Amino acid sequence: MTPLHRIHIPPQTGTGFELRKGQVLRITDPTGEQVSDLMAFSKHDPKKVLSSGRSIDYANTIYLTTGHTLYSNDSEPMFTILEDKVGRHDFLLTPCSQETFSIIYKNDAPHPSCFGNLVKNLEQFGIEPHQIPTTFNVFMNVMVDPEKGELTIGPPRSKAGDYTEFRAEMDMFVGVTACSAEMSNNYSFKPIDVANDGRTSKGPAGYREASCATVSFCDGKGDLIGAIRIARAPEAKKATLKKMLAAEVSAVPLARPNLKVVKVADGALDNWDYLSSSALPAGEEAVDFYHASEHLHDAIANVHGDGTHETRFRHATLRETLRDDDGGIDKVIRALKHLATKHPQKKIVARELAYFRKNRKRMCYSALKAKGLMIGSGVVEAACKTLVTQRLKQSGMRWSVRGAQAILTPRGWDQSERFDNAWALIAATFQADITVLANVIAFKPVATPRKPRPKASR
Ligand SMILES: [Zn+2]
C-alpha cells in the first residue's frame with residue numbers, strides 16, 4: 001500500500017492509494033492541459049463505487065465543481081469538491097481503454113490507457129477490472145451540443161499549477177491516472193501530481209457543524225414511543241443546545257416522576273462532561289452500542305484483516321457477548337487484552353483496548369436492556385439526517401447561522417409533533433399593529449359593492 005503524501009504520476013501511468021474519511025485529496029496539473037481520471041471504492045464495502053449517474057442526477061448538471069458532491073452507486077457521498085481552480089471536468093465518459101483506441105481511433109496497436117492503469121493500481125485492493133465504471137475525469141473538457149447532444153472534446157482548460165481538491169466522505173481505495181488519450185490532452189502526454197498533506201477537514205473552509213440532541217420516550221420494553229428533536233446551527237461549545245436539552249430533560253420528571261433516565265452518546269469526552277454534570281437529572285449512562293461495535297470491529301480487523309470471514313465471524317461473536325452477556329464488557333476487554341499481547345505491533349488493538357477500558361462503566365448493556373432502557377443513539381443519528389442533512393446539506397448550499405436556525409427550529413417542532421402549539425405561541429407574541437402608508441393601495445374588502453366610478457376629469 002502506498003502511503004499518500006505526495007505522489008508524482010509520470011505521463012500515461014497511474015497510482016492507487018488509501019484515503020481516510022475527512023482527508024483532502026488535491027489533484028494538480030503541473031504543466032497544464034492534462035487530464036487525470038479519478039476512481040474510488042469504499043474501503044469497507046468495495047461494492048460501493050463512484051457513480052456518474054447518481055452524482056449528475058443529484059447535482060442536476062453535468063459540470064460538477066466547488067460545493068458539489070460525488071456520490072456512490074448507492075447514493076452515499078464519497079467526495080465533496082472543496083476548491084476548484086479549473087471548473088471544467090467530465091463525468092460522462094469512461095476511462096480511455098485499449099478498446100477506446102481501437103473502436104474510436106481505429107488503432108489496434110497496444111496503447112497505454114487510463115483503464116489499464118486503474119486496473120493495475122487497484123488490483124492491490126482486490127478490485128477487479130469489471131468493477132471499474134465511468135471515472136470522474138478531472139480537467140477533461142467535454143462540450144455538449146444542446147440540440148444534437150453531440151460531444152466535442154476540447155483541450156483541458158487547466159493551466160500549469162491548477163488544482164482541484166476533494167474531501168473524502170468515507171474511507172476509500174482510490175485510483176488516479178495521468179490520462180493516455182491523445183485528444184483529451186491536446187495531443188501531448190504530461191504528468192499529474194496528487195497530494196494529501198495529512199490535512200483533514202471536517203467541512204469546507206469556514207464551515208462548522210450543526211448539532212442535534214433528542215429526548216426519546218420508550219415504553220417498558222424499550223420500544224420508542226416518541227421523541228423531542230432539537231437541532232442548532234453551529235455555536236461555540238453548543239451552549240444553546242445544551243441549555244435547551246437540560247430544560248427539556250428537567251421538565252420530564254416533574255410530569256412523570258416514575259420514568260427512568262438513560263443518557264446515550266458516543267465516547268467523545270465533552271459529551272460526557274456535559275451529560276454527567278449537574279445540569280441534567282441523574283440517570284444511567286451508556287456509550288452508544290453501535291459506536292462500541294464499530295470500535296470492536298476496528299480492533300479485530302487490525303489483526304484478522306478488513307472484510308475477511310475471520311473478522312466478520314469474530315466481530316459478530318464478541319459483539320453479541322458485549323450486548324447480551326452479564327459482564328460482557330469485561331469479557332470483551334479480556335479478549336482484546338489477549339489480542340494486544342499476541343500482536344504487540346498492532347497499534348489499533350491497543351488503542352481500542354484503551355477505549356473499552358475507559359468507557360467500561362458505560363457499557364453494561366445487558367443490565368441496561370434488562371431494565372428496558374435504550375443502549376443505542378439511533379434516534380439522534382436519524383435526527384441529524386432528517387432534521388439537518390436532508391434539508392440543509394444538499395450540494396452547493398451555503399447557510400448563514402441565522403438562516404440555518406430559521407429552518408432548523410420549525411423543522412424541529414414539526415419532527416417533535418409540536419408544530420401547532422409552537423406556531424400558536426409565536427403567532428400570539430408576534431401580533432403587531434400595521435400602519436398602512438398613505439401611498440399604498442389598501443386591499444378592498446370583498447363584500448363592499450362597487451360604486452360606479454366618477455368619470456375622470458382632466
Ligand atoms: Zn484516459
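Me: A residue is buried if 20 or more other C-beta atoms, placed from the backbone, lie within 10 Å of its own (exposed: 12 or fewer; partly exposed: in between). So what percentage of the 458 residues counts as buried here?

Reply: For this protein the figure is 33%. Bear in mind that it's a predicted model: local features need pLDDT of at least 70, side-chain atom pairs count only at pLDDT 80 or more, and totals for chains, interfaces and linings use all residues. Residues are numbered from 1 along each chain as its sequence is written.

Me: OK. What are the dimensions of the box the C-alpha atoms fill?

Reply: Roughly 100 × 80 × 30 Å, if you take the box along the principal axes.

Me: And how many helices and strands are there?

Reply: You get 13 helices and 16 strands. Those are DSSP runs numbered from the N terminus (helices H or I, at least four residues; strands E, at least two).

Me: Which strands make up the open sheet of six, and in what order?

Reply: Reading across, the order is E1-E12-E3-E10-E6-E5, and the pairing is antiparallel. Strands pair if DSSP finds at least two bridges between them.

Me: Which two are at the edges?

Reply: Strand E1 (6-9) and strand E5 (69-71), each with pairing on one side only.

Me: How many bridges hold E1 to E12?

Reply: Four bridges, with E12 covering residues 192-195. If you want a spot to click on, Ile7 has Val194 in E12 as its bridge partner.

Me: Switching topic: where are E8 and E9, and how do they pair?

Reply: E8 covers residues 141-144 and E9 covers 151-154, and they run antiparallel with four bridges between them. Met143 faces Thr152 of E9.

Me: What's in the hairpin between them?

Reply: Six residues separate the two strands, and Gly149 has a positive phi near 75 degrees.

Me: Now helix H3. Why is it called largely enclosed?

Reply: Because eight of its nine residues (H3 spans 114-122) are buried, the rest of the structure largely encloses it.

Me: Which residues of H3 are buried?

Reply: Starting at the front of the helix, Cys114, Phe115, Gly116, Asn117, Leu118 and Val119 are buried, and Asn121 and Leu122 are too.

Me: Last one: which domains does the assignment give?

Reply: Domain 1 is 6-195 and domain 2 is 289-370. Those bounds come from an automatic or database domain assignment.

Me: How far apart are they?

Reply: Going by C-alpha centres, domain 1 and domain 2 are 38 Å apart.
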